Amino acid sequence: MLDFCPQSVTKSGILWGLLWLSFGTVAISQDDVHTDIPQVFRHLEAAYEYCDRERVARVPIRVEAVVNLWYAADQLLFVVTDGTPIFVKLPAATYEAGLEMSPGTRITIDGTCDRDQQVIHADALEIVGHGPAKKPIPVDLSALSMGDMWSRRVLVRGTVECAVFQNDSSYLNLRTGSTGFHAHLLGHWDKQTVSELVGAEVELVGVLDYLMDEFLRPIAFNCRIQTGESPQVLRAAPSHPKLVDYPRLSELASSSTDLPNVKISAQVSFLTNNFVLVEDRGGALPLDASVASQLERNEMVEVTGRLTVPSTGHPILVPRFIDRGIEARRLAPMRVGAQQVDVSRLPLRRYAVTGQIESYASHGNVRDLQLVDGETRFSARFECSDESFEALALVDAKTVQVSGILRAAEHPLNRFHMLASTHEDLLVQQRWARIDAQRLLLIGLSLLALLLVALLWVVALRIQVGRKTRKLRQLTARLNSTQEAIKEGLVIVDLYGNLMSTTHRVNEILQIDPATHSLQFKKQLADCVDRPQGFLKFWERATATLESAASGEFRLRDSARYVTIYTAPVRDASDRVIARLWSLDDVTERKALESSLVQSQKMDAIGRLAGGIAHDFNNLLMAISGNLELARLNGQEGDHQNALDAAEKATDQAARLVRNLLGFSRQSELELTVANPTDLIRDLHSLVSRTLAPAIKFELDLAPDLWNVKIDETRFQQVLLNLLLNARDALVDGGGWIRIQTQNQQLAGGDFVRITISDNGSGMSDQVRERIFEPFFTTKPLGEGTGLGLAMSYGIVHQHQGTIECTSRPDEGACFEISLPRCNESPAEQAEDDTNDEGIEGTRFSTAAPRVLLGEHSQLVRESNATMLEAAGCDVTAVSNGGELLSVYGQDADYDLAIVDLNMPVVSGRETFRSLRALAPQMPIIVCSGHALDVDEFRRATGEAPAAFLQKPFRKSRLLATMLQVLQPNV
């Protein structure tokens, strides 16, 4: 017995021994790494000869080799090591790396050696260096046997008989003496270059391997030519005659004349080792079988070659050049009946004939079938492997369709013979219905399996029904939970008004539980609202038709709450109305918010109206004040001075009244400083305490760490004073208490300081409380109040980005809450402006009279201001609108100063300022208006702030002081 034992080998090489006593051992270690390829192969040969093949394993090896051929597209690597040529199989990742290894490249290979496949399986490859390619060995293929010169670089000669061209590689069919062989041109070759080789005698340098049949038996020599090693032409091909191009094969198939050079485009429809048929619509033509190994079935090709007509009578095309890679299309065979075939002239093309199988026999890969179609008998032959043949299951096949080419019958009883190429040309159309013991057993087993499946189906159905039932219960529970979670109360009644379902929210809204009452839901709901008859009419209108939907709003009886009722039909799966849904929503809070919003919008509208009226009043007061000053300047000391003084005082009082209106409309100017309300309240407490009656208790509850706010101290003291005086006037019989509280608040909108002023006076009704912030609204007797105190306070607080709210009931006192946003800055000492404008009263611009461009839309104010400026020594040009002002300046730009009113027609004051600033960048511009000016907003709108701003009405002294300030800033 000889055993293959991979146990005992040293690192220096492969040691093997052969003991031939009772048994022998051939030892090759798989644990050591070997470098001698010939010795490894010899030992493997011995082990292979005396041992079972399955016990011959791969041997670890590390060798240096020289590349004979490297072609990454086909994963080919032929090398020679120590004089031994061998094929190397590399991992796919190595081929995908895009290495460049030309012939002569030296590499190191780590892997295993497999004798059975004569191949090295490489695990890793390393390029050592580059050198010249091995000199090819001249060989005569006619004197070689299959297996000689495998993987070696050889030099062969031959005459090119045919060329097959495709995109990634090309093939040549050559002949040397009586031996035919192939050349595989690796890589992309020029089509014209390859076609010119046909008919020429060439010398090729490449690596020799073999074309194999399906059982891996060598059938022909193959020489692989590396890209760049073009064949050397020893004798050029004779010149080709002019190409005869036939567009259809039907003309060639019927030709009886040899043609020297034709070109066709067709599909390879039939292919065996010794026959090739190409087809196009209307014709078919056989090719010389020498190109069969380079073609594939059903592919489109362009063939250029010589048409010859042998003694058989059918033309044959001998290819010289074949162009592959054309877009393929599947041509179906022509279907004919067996009795329709003309045996006197068998057509050479593919046909599909249907027949019933009488018998079939197999000889290797060849299958012969005997078929009959009615009274016509014919035979068919096709080639396929055992596996594909068994897959057809012809045992019970009755009727089949055979696709192939027609031949003369080999048996006298047959009408014709069909030649098919593969099992794909045999299609089973009908099978025999046979019942035998095996089939009966199969049927019984099938019935048993069917019964088992039915039982399993019933069990599965019960499980599924149970699962669906649980899901339905869960869905019902979720639906009920969802209905209970909805803010609205839901009630479903049938078409007769009877209750079907309800939610707990209905009980919370109506204070009843419909589920515990026997009355209809219609009667229950009508008893809950304050207008039952109105609700009943709404019910009749909503349920007049099944499809209708409606909604209404009702006040609940004995309550100040409101509810919105919505109803709509409920449908089933077939879209039929089966019930009606009633939804109840408590909208009391929403109506209160709507009322508050209406009140806020009304106050804003009144504020805008007050601001507009105040602006017009300011223009009138400006004209009156200016003319009074002019009258005082032009008059003499005497009886009229007292009258002028009285008129000026009245004008000042009117101006203060207008400022109060502007304060309400939030259009007066604020001088904001950082302050702590605690100090202001304490000062105000000291001031007001002396004026209150002894029976009034004035209390303070101030937070010790109150935050700072940014306020206009004078205006804010005025707000607090107004609220305190109103609280004093509301106390009954001159006694009671007034309390001021402060605290810090952290709300969602930020941090705020809250100041609360409350009393226990007579209080207010809801109607009075809703109007207390309206201008000129007062509950005091005629002559005791103007109605602007709380309106002004409302405007000032909102100007500070704060809020003021009042809560009160009759005989329960009132409470005013003021909230101001927190300021994180520290209070800074505010320097008082001690500028005394009165000292400029008599100023005149006598030496250098400034030229002033005055824009004012009010004629009275324009004439008054122009007269005052001219009296002060100014050269004044007065215009009534912005367009006129820009036109005047465009004609004469020699002005020292411009005074622009913001409310001018044609061109607004802001647009006039922007245009004038572009024309005169250095000229100072004073802006005046009856409203307060937001400097930041003005800068954003015009791009620059004015040199100064004057709010109407202003005195002459203020005007002249501002002019001196902008004209002579350093004085």
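Take Cys162 to begin with: in this predicted model, its relative accessibility is just 2%, so Cys162 counts as buried. Cys874 ends up in that category too, because its relative accessibility of 7% is under the 20% cut-off for buried residues. If you're wondering about sulfur bridges, the structure holds zero disulfides. For reference, a disulfide is a covalent bond linking the sulfur atoms of two cysteines.

Now for the nonpolar cores. The largest one has 40 residues, and the members touching the most others are Phe816 and Ile818. Helix H13, which runs over residues 713-730, gives the most to this core: six residues. Zoom in on Ile818 and, setting aside neighbours within four places in sequence, you'll find it in contact with Phe716, Val719, Leu720 and Leu723. The rest of the Ile818 contact list reads Val753, Arg754, Ile755, Val797, Thr803 and Ile804. Apart from that core lies another, made up of 26 residues, with Val154, Ala163, Leu185 and Ala200 among them.

Finally, have a look at a polar residue, Gln370, which sits in strand E23 (residues 366-373). Is Gln370 buried or exposed? Its relative accessibility comes out at 15%, so Gln370 counts as buried. What does its side chain pair up with? The side chain of Asn414 is the partner, through a polar contact of 2.4 Å. Asn414 also turns up in the wider contact list of Gln370, which leaves out neighbours within four places in sequence. That list includes Gln356, Ile357, Glu358 and Ser359, along with Arg377, Phe378 and Ser379.

Terms used: Residues are numbered from 1 along each chain as its sequence is written. This is a predicted model: local features need pLDDT of at least 70, side-chain atom pairs count only at pLDDT 80 or more; totals for chains, interfaces and linings use all residues. Side-chain values use heavy atoms; hydrogens and water are left out. Helices (H or I, at least four residues) and strands (E, at least two) are DSSP runs, numbered from the N terminus. Buried means under 20% relative accessible area, exposed over 50%, partly exposed in between (1.4 Å probe, protein chains only). A polar contact is a pair of N or O atoms within 3.5 Å; within protein, one must be able to donate a hydrogen and the other to accept it, and residues adjacent in sequence count only if both atoms are side-chain atoms. Contact means heavy atoms within 4.5 Å. A disulfide is a pair of cysteine sulfur atoms within 2.5 Å. A nonpolar core is a set of buried Ala, Val, Leu, Ile, Met, Phe, Trp, Tyr and Cys residues joined through side-chain atoms within 4.5 Å.
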